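Work through these exercises with the sequence and the 3D view open. Try each task before reading its solution.

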Amino acid sequence: MNKKAFAGLFLLIVVGAAGLRLADLSLRPMHHDEANQALKFGALLEKGDYRYDRADHHGPSLYYLSLPFARALSANTLAALSERTLRLVPACFGIGAILLLLLFVPLIGKEAVLLSALGLAVSPVMVYFSRFYIQETLLLFFLVGFIAALWRYKRRPSWTWAAAAGFFAGMMYATKETSVIAFGSIAAAFLLTSVFKEKKPGNPGGRTWMHLLIGLGTAILVSLSLFTSFFQNPRGWLDSILSFKVYFIRAGEAGFHVHPWHYYLQTLAFSKSGSGPVWSEGLILILAAAGIVAAFRRTSGAEADRSSLRFLVFYTLISTAAYSLIPYKTPWNILPFYLGFILLAGSGAAALLKAFRIRLIRALVFLLLAAGFLHLGAQAWRASFVYPADPRNPYVYAQTCPGFLKLIGRVEDLAAVHPDRKKMLIKVIAGPYETWPLPWYLRRFDRVGYWTDAAGAGPLEDAAVAVTDTEQVGRLESILVQSFQSEYYELRPNVFLVLHVRANLWEEYLKSRAER
Amino acid sequence: MKRPIFLIIALSIVFGPMASTPSGAAQEQGKEELKLQLPKPMFIGTPRNINSPNLEKITGKPRGAFFVPAGTKLVSLNKPVIASDMQPVIGEVGCVTDGEKSGEDGYFVEFGPGKQYVQIDLKTSQPLQAILVWHYHSQARVYRDVIVQASDDKDFISGVITVFNNDHDNSSGLGIGKDKEYIETFEGKLFDPRGAKARYVRLWSNGNTSNDMNHYVEVEVYATPAQ
């Protein structure tokens with residue numbers, strides 16, 4: 001393939017990927033986790049306040065990398081932020097991950113890179129979580145960079161590739177502490193690849209040790225800077241190491257997110273829920289199998305190519321096994337190991353196209369591949385634009401229901417008729433799992449208090465509006481019946497919030513509606 | 001994650017009563033607005049993903065016994081049904097009175113978005129003793145603007161008795177209702193028509209907390225024979 005054709009096709013893929021990732025970013029209501037991250041970022045944006053929390057929320061890179069996006073869009077306060085501004089961050093890193101695949105051209109070839117880029121661009125799970133304000137897509141971006149830099153270094157050792165690998169590794173760690181799973185898988189894959197290498201590796205020379213030091217030094221410096229909030233919180237980096245204990249316990253303990261070992265593979269291969277459509281990324285899995293065969297065929301490509309392909313095989317198998325064996329599973333954790341499948345699928349598809357010498361058969365394979373990738377793209381569209389918050393979409397997980405936005409709309413309408421407008425007192429009395437994403441949606445109200453129990457919230461009658469979980473409704477029944485008008489809203493499937501409006505405000509509201 | 005629960009409770013005990021200061025009141029001389037420090041939300045990880053039916057604890061107790069006059073019978077089974085939307089999105093209009101009450105797919109009818117009604121013709125005017133409705137119960141939901149009416153007039157122009165109305169903001173335009181919203185469960189919702197005599201029963205709804213569509217699994221009308 002000539003350079004111009006490659007550049008043109010790659011550009012087309014990037015444009016398509018951008019379309020799927022950037023369009024209508026505010027379509028889906030904010031997820032509980034997104035709202036948590038948004039408020040954490042809001043504190044950094046408004047007050048420069050960030051301290052690493054080893055118990056939750058992962059590393060700081062998401063927050064620091066959100067800053068330029070917010071500044072560029074003139075959002076200097078939490079209130080000025082929007083879903084679109086926040087989700088632009090993962091969306092851009094999702095597109096960036098595709099661009100980084102260009103680094104693989106000398107390793108797996110132009111055709112394989114093009115087909116991998118296409119897979120990454122239209123994979124439903126990749127598109128869906130590129131539009132989700134959490135760390136996963138950033139981790140994916142840095143992982144692509146790290147693997148590419150490592151192999152580029154291996155191909156032609158230099159201090160620049162060593163530093164690049166160190167930078168990406170440091171950013172991976174500063175994005176999610178659980179990146180150690182990917183690091184472990186990469187190390188094990190390297191070891192296994194060297195076993196299959198035909199030439200025995202030589203002893204590392206003095207320059208190699210120097211490069212290793214450069215790489216490690218860069219990784220430590222990058223992660224240290226971010227975890228310590230640029231040296232304002234010296235404990236941050238130590239806490240990031242101590243967090244392993246927290247995540248190790250969480251990974252193994254029985255809890256909300258325990259799923260069987262085959263959860264990820266089954267979700268990718270085939271899923272259908274109730275009357276919903278069938279979802280499958282089976283094409284990627286099948287092509288990845290072809291990629292595995294190509295990696296171990298003696299006739300395919302040069303030794304360097306085969307080594308990097310074999311590395312990808314081992315990385316994919318080991319990381320998939322590691323993520324599958326950990327009982328704690330959420331669908332966004334698919335991304336780091338699925339990257340391996342996509343790279344192998346690209347190589348597998350390229351190998352298939354080369355394998356057939358008869359033009360007609362090759363054209364048929366091409367058409368089948370085109371139809372398969374189109375189908376993936378259609379599913380990506382369906383997942384992100386038709387079923388973005390529908391539980392029948394396998395990637396929708398503990399997602400806020402669209403109906404929840406009607407609660408927010410009602411509160412806005414009530415504030416419009418309240419004499420204090422957005423300074424009216426709102427009391428939220430709900431368990432922490434039932435509280436979010438209210439703090440995000442009520443961020444423009446000045447007087448909102450959050451309690452987990454009615455006993456601590458003081459007299460309810462003080463509030464113009466109260467939002468409670470259903471458990472509190474029973475406890476507050478006598479007050480609510482006398483003084484409030486109550487309405488139910490669905491927060492998540494089978495989880496409700498109840499909006500209580502003080503009777504006199506409700507009367508005012510009804511009058512204003514009648515006058516309209 | 002630190003959970004500043006004690007701080008939240010302490011702050012709310014101290015400042016809770018102060019929050020009652022009516023901020024809209026005119027400012028008195030020599031006084032200033034009390035700046036309240038309200039508790040902040042607790043940061044917490046991903047919540048449970050609930051896909052299975054009725055896993056979450058729903059408030060309310062199981063329905064107790066409901067007493068009706070002796071001789072009360074189910075009179076709606078297989079009776080003709082009409083609807084404001086005679087071309088349902090899913091299912092058949094007739095499933096409203098077919099006696100099947102399962103919450104699974106295939107046992108409910110789905111009508112279009114917004115305000116919709118179904119109407120049952122009991123064939124004779126008789127004293128109604130109970131109306132039991134299952135909108136949808138494979139997932140907890142609250143249906144909006146549930147209004148139950150009974151009448152001898154098939155067009156519901158005259159002699160309309162409103163048995164239940166929880167349209168508290170009159171968004172359906174049939175008058176403000178004072179009844180409370182309720183969460184759908186497998187028990188269905190029982191409405192008490194208090195012996196009102198009618199041939200037709202009309203049930204309105206206006207979407208639900210999950211989507212804007214309207215659903216019925218089954219409606220049962222119980223009555224005593226007309227004298």
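**Exercise 1.** Find which residues of H3(A) are buried.

Step 1. Fix the term: buried means under 20% relative accessible area, exposed over 50%, partly exposed in between, with a 1.4 Å probe and protein chains only. Step 2. Locate the helix: H3 spans residues 61-72 of chain A. Helices are DSSP runs (H or I, at least four residues) and strands are too (E, at least two), numbered from the N terminus. Step 3. List the buried residues: A:Ser61, A:Leu62, A:Tyr63, A:Tyr64, A:Ser66, A:Leu67, A:Phe69 and A:Ala70. Step 4. Look just past the helix, where A:Ser74 has a positive phi of about 55 degrees.

The model is predicted: local features need pLDDT of at least 70, side-chain atom pairs count only at pLDDT 80 or more, and totals for chains, interfaces and linings use all residues. Residues are numbered from 1 along each chain as its sequence is written, chains are lettered from A and ligands numbered from 1 in the order written, and side-chain values use heavy atoms, without hydrogens and water.

**Exercise 2.** Check the span of helix H4 in chain A, then find where its kink lies.

Step 1. Take the expected span as 1.5 Å times one less than the number of residues. Step 2. Compare: H4 (residues 83-100) has 18 residues and reaches 26 Å from first C-alpha to last, close to the 26 Å expected. Step 3. Find the kink of about 30 degrees at A:Val89, shortly before A:Pro90. The bend is the angle between axes fitted to the seven residues ending there and the seven starting there. Step 4. Judge the surroundings: 15 of the 18 residues are buried, so H4(A) is largely enclosed by the rest of the structure.

**Exercise 3.** Trace the network of salt bridges that holds A:Arg410.

Step 1. Apply the rule: a side-chain nitrogen of Lys or Arg within 4 Å of a carboxyl oxygen of Asp or Glu. Step 2. Start with A:Glu487 and A:Arg410, whose closest N and O atoms are 2.3 Å apart. A:Glu487 is in strand E4 and A:Arg410 in helix H18, so this pair ties together parts 77 residues apart in sequence. Both residues are buried. Step 3. Add A:Arg513 and B:Asp169, at 3.8 Å. This pair joins two chains, because A:Arg513 lies in helix H23 of chain A and B:Asp169 in a loop of chain B. Step 4. Compare exposure: A:Arg513 is partly exposed at 27%, while B:Asp169 is buried at 7%. Step 5. Collect the members: A:Arg410, A:Glu487, A:Arg513 and B:Asp169.
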